[in-house]
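Biologist: Can you pull up the model and go through a few residues with me?

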Amino acid sequence: MQSTLARQAAFGTQHDGHHGMQPWKQLPDYETYKSKFGPNYKIAPNFHGISVKRAFGFGTTAAGFGVAAGIFALFFFADIPRVRKDIMQKIPVIGDHWVKEIAPEDNPF
């Protein structure tokens, strides 16, 4: 008989994966044994298994994708007159590329 979701929630066994019903992982309330004859090791500080070095790596990757997305958005919206005037024309070296002058005979006003 299949247990109901209420019973699964009551016992903390809602995970239904490849190996069937598994209880939630519970950390032991005691420290692990460390032999004085074994190697002297220290566990690096981490947050849910992510060390500071890996967090910097993830941050660098995310920053790269953010910069790429920002540059794409800037060039994608570059032909909108407000963006062209307020942002693109103020770029020091290549700002003159976005100056659009309308000839007097083409201006309807």
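Modeller: Here are some notes on the surface, a charged side chain and a backbone angle. This is a predicted model, so local features need pLDDT of at least 70 and side-chain atom pairs count only at pLDDT 80 or more, while totals for chains, interfaces and linings use all residues. Residues are numbered from 1 along each chain as its sequence is written, and side-chain values use heavy atoms, with hydrogens and water left out.

Biologist: Where is R84, and is it buried or exposed?

Modeller: R84 is in helix 3, a DSSP run of H or I with at least four residues. R84 is buried, meaning under 20% relative accessible area with a 1.4 Å probe and protein chains only.

Biologist: What is the nearest side chain of opposite charge?

Modeller: D79, 4.8 Å away, and R84 has no salt bridge. A salt bridge needs a side-chain nitrogen of Lys or Arg within 4 Å of a carboxyl oxygen of Asp or Glu. For charge, Lys and Arg count as positive and Asp and Glu as negative; His and the chain ends are not counted.

Biologist: What lies 3.1 Å from a polar atom of the R84 side chain?

Modeller: The backbone oxygen of D79.

Biologist: New topic. Which residue has a positive phi although it is not a glycine?

Modeller: H48, at about 55°. H48 sits in the loop between strand 3 (46-47) and strand 4 (50-51); strands are DSSP runs of E with at least two residues.

Biologist: Buried or exposed?

Modeller: H48 is exposed, with a relative accessible area of 71%; the cut-off for exposed is over 50%.

Conventions:
A polar contact is a pair of N or O atoms within 3.5 Å; within protein, one must be able to donate a hydrogen and the other to accept it, and residues adjacent in sequence count only if both atoms are side-chain atoms.
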